Amino acid sequence: MYNQLPKEPSSYWIDSTTFDETHSLTESIETDVAIVGAGITGITAGYLLAKEGYNVVLLEADRVFQGTTGHTTAKITAQHGVIYDELINHVGEKSARQYFDFNERARQFIETIVEENELDCDLEKQDAILYATSRQAERKLKKEIAAYEKLNIPHTTMDKLPFDVDMKSALVMKDQAQFHPLHYLSFLLREFKKMGGKVYEQTPIVNMSEGQTPILQTRDGHNITTNYALSCSHFPFYDGDNYFFSRMYVERSYIVAVEGKQVDGMYLSVDSPTRSVRTATVNGKPHLLIGGDGHKTGQGEPVMNHYEALQTFATEVFKATSFPYRWSAQDIYTLDHIPYIGLLTDNYPNAFLATGYRKWGMTSGTGAGILLRDYVMKRETEDMALFQPNRFLLDPSLKEFFKQNMNVAKHFFVDKIKPVEKKLEEVKIGEGSTVIKNGRRAGAYRDEQGKLHVVDTTCTHLGCEVEWNNGDKTWDCPCHGSRFSYEGTVIEGPADEPLTSLSE
Ligand SMILES: Cc1cc2nc3c(=O)[nH]c(=O)nc-3n(C[C@H](O)[C@H](O)[C@H](O)COP(=O)(O)OP(=O)(O)OC[C@H]3O[C@@H](n4cnc5c(N)ncnc54)[C@H](O)[C@@H]3O)c2cc1C
Ligand code: FES
């Protein structure tokens with residue numbers, strides 16, 4: 001069935017955005033603020049700090065916007081799935097309400113920028129709706145409604161959805177929004193440059209020397225000496241002794257665009273596998289973006305099955321027949337589901353990070369950009385305590401900590417002795433598989449011209465075994481979510497070294 005889907009994944013947001021010429025860093029430089037990563041977090045922080053008169057450089061490993069931000073669904077809402085009941089139990093009512101206010105302010109920040117500058121980025125007010133189709137999900141949703149009541153979060157309920165699913169109950173957060181994220185961010189980036197900000201693409205940062213004045217090192221050996229370093233690289237580009245890789249995990253999700261259909265509102269199912277629905281204008285015509293089917297990166301069933309599941313949902317519920325786009329991306333989860341925004345390491349006063357938005361980075365990434373500005377400007381705010389990355393909460397983090405690390409240990413030890421899937425010569429055109437080459441475990445992909453690309457499947461981050469992703473034709477690591485092309489080059493960290501090539 002999935003042969004109706006486009007052969008190659010391609011994000012509509014990226015396809016419909018004009019990019020300036022690429023400039024990479026070709027010499028060592030000094031600056032006030034160096035921001036690593038040009039997604040929504042880095043660009044928001046860069047724009048705000050340039051506005052305050054700082055000399056800011058944005059350092060991007062790939063091209064601007066092409067990380068998770070370029071592959072999002074772009075709902076702008078403080079309704080982050082079922083979260084407020086969990087937050088009340090975990091950090092208490094005051095902090096749970098603070099989380100809501102933080103994200104509401106971020107939504108208002110985006111809307112104000114769009115309104116004041118009359119931006120053409122398809123921003124529309126829409127209600128956010130969580131719906132349950134099973135009794136179990138309905139019970140969860142009831143608790144979430146009670147949490148909204150406790151926290152005085154404005155809400156309503158709904159008796160019927162505008163599409164045909166067996167809905168038991170629904171929770172509505174009114175007057176949220178959706179947009180074209182890259183048209184909005186293109187404006188922030190243009191303004192950033194007008195204010196003197198510099199952007200260096202194709203400039204991966206591979207290390208940072210510790211001390212009062214951070215010095216960042218590029219892969220090509222250039223140094224950036226800076227008063228402040230901000231890690232907005234999704235997975236932190238620098239770990240220090242913080243073991244972020246053991247305090248976070250990465251989940252991938254999928255999106256298909258459905259031509260000619262639309263609904264009012266932005267929907268998310270409470271039941272798993274999740275189903276997310278919003279309308280977007282694609283090439284001037286209404287389309288639905290149907291998303292979901294999340295799973296831990298590099299784990300679970302063949303990737304095309306996830307696209308097929310979304311396609312089946314779209315066909316059954318919306319009578320969809322045409323799917324002009326499909327794409328996927330991953331986002332980071334912290335152990336307690338609250339982002340890490342603050343000091344990168346305790347021994348390092350001028351380096352900060354922001355990550356862990358749990359697939360809600362349009363608001364959390366915007367809020368993080370604002371908070372990072374406040375850190376640099378030494379403006380104390382109440383939000384700093386809630387998001388500080390070095391927090392360690394016993395419940396449920398500790399339980400989750402052991403669960404995550406058991407999971408990593410399983411992939412580290414068990415996957416190394418798993419039998420390989422094919423003999424080298426059996427790998428067909430367009431196919432990837434684990435094989436044995438020269439007596440060792442390897443990963444092989446045969447391209448459309450019949451050429452074999454063989455890599456060592458040991459992830460260069462901490463040594464887990466990468467798995468083949470047949471949807472994107474990449475090698476994905478189940479431990480901390482690094483991704484590599486079939487030739488072994490790094491697509492997403494934390495790994496910063498390529499897989500060893502075993503091609504002849
Ligand atoms: C399928 C999906 C749907 C989503 N839908 C929504 C939604 O509807 N609403 C919502 O609020 N959120 C949503 N999210 C989440 C949201 O898109 C992300 O949280 C957000 O885009 C993360 O932004 P970021 O700036 O932190 O990271 P990114 O956009 O990934 O940017 C980080 C950048 O850092 C660069 N980088 C990494 N390492 C280095 C290095 N060493 N040196 C230099 N550069 C480096 C990367 O190349 C990348 O460009 C969704 C996420 C997914 C996966
Ligand atoms: S071992 Fe950490 S990402 Fe692969």
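Two strands are taken to pair when DSSP finds at least two bridges between them. With that in hand, the pairing in this predicted model can be followed strand by strand, starting with β6. Strand β3, residues 75–76, runs antiparallel to strand β6, residues 169–178, and two bridges join them. Within this pair, Lys-75 has Gln-178 of β6 as its bridge partner. Strand β4, residues 124–132, is also antiparallel to β6, here through eight bridges. Gln-178 appears again in this second pairing, where Glu-124 stands opposite it. Strand β5, residues 156–157, is joined to β6 by two bridges, once more in the antiparallel sense. There, Thr-157 finds its bridge partner in Leu-171 of β6.

It is helpful to place these strands within the whole chain. The protein chain holds eleven helices and 24 strands. The C-alpha trace spans about 65 × 55 × 50 Å along its principal axes. Does the radius of gyration agree with a compact globule, or disagree? For 504 residues, a compact globule would have a radius of gyration near 23 Å, and the 22 Å of the protein chain therefore agrees with that expectation. Of the 504 residues, 50% count as buried. Among contacts in the protein chain with a separation of 6 or more, 71% are between residues 24 or more positions apart.

Turning to the ligand, 42 residues surround ligand 1. The closest of them are Gly-37, Gly-39, Gly-67, Gly-361 and Met-362. Several elements contribute to this shell: α2 (40–51), β11 (248–259), β15 (325–334) and α9 (361–376) each supply at least two residues. Which element provides the largest share of the shell around ligand 1? That share comes from α9, with four residues. By residue class, the shell around ligand 1 divides into 15 nonpolar, 21 polar and six charged residues.

The loop between β17 (348–355) and α9 deserves a look of its own, and Arg-358 is found there. Although Arg-358 is not a glycine, its phi is positive, at about 60 degrees. Arg-358 counts as partly exposed because 17 C-beta neighbours lie inside 10 Å. Lys-359 is found in the loop between β17 and α9 as well. Lys-359 is likewise a residue other than glycine with a positive phi, near 70 degrees. Is Lys-359 buried or exposed? Lys-359 is buried, because 24 other C-beta atoms lie within 10 Å, and the cut-off for a buried residue is 20 or more.

Another arginine sits in a loop further along: Arg-391 is found between α10 (383–387) and α11 (394–413). Arg-391 has 16 other C-beta atoms within 10 Å and so is partly exposed. The C-alpha atoms of Arg-391 and Tyr-340 are separated by 8.9 Å, while the two residues are 51 residues apart along the chain.

Two cis peptide bonds can be described as well. The bond from Ser-272 to Pro-273 is cis, with omega near -10 degrees. Pro-273 has its place in the loop between β12 (266–269) and β13 (275–282). Gly-493 and Pro-494 are also joined by a cis peptide bond, for which omega is about 20 degrees. Pro-494 is found in the segment after β24.

Strand β24 leads to the last sheet considered here. In general, strands of a sheet pair through backbone hydrogen bonds, in either a parallel or an antiparallel arrangement. The sheet in question is open, has four strands in the order β21-β22-β23-β24, and shows antiparallel pairing. Its edge strands are β21 (467–469) and β24 (490–492), each of which pairs on one side only. On average, neighbouring strands of this sheet are turned by 35 degrees against each other, with direction ignored. Strand β21 pairs with strand β22, residues 474–476, in the antiparallel sense over three bridges. In this pair a tryptophan meets a tryptophan, as the bridge partner of Trp-468 in β22 is Trp-475.

Key:
Residues numbered from 1 in each chain as written. Chains lettered and ligands numbered in written order. Predicted model: local features only at pLDDT ≥ 70, side-chain atom pairs only at ≥ 80, totals over all residues. Near = placed C-beta within 6 Å. Nonpolar A, V, L, I, M, F, W, Y, C, P; charged D, E, K, R; others polar. Axes fitted to C-alpha atoms, helices over the stretch in contact; angles between N-to-C directions. Buried ≥ 20, exposed ≤ 12 C-beta atoms within 10 Å, placed from the backbone. Rg over C-alpha atoms; globule rule 2.2 N^0.38 Å. Contact = placed C-beta atoms within 7 Å.
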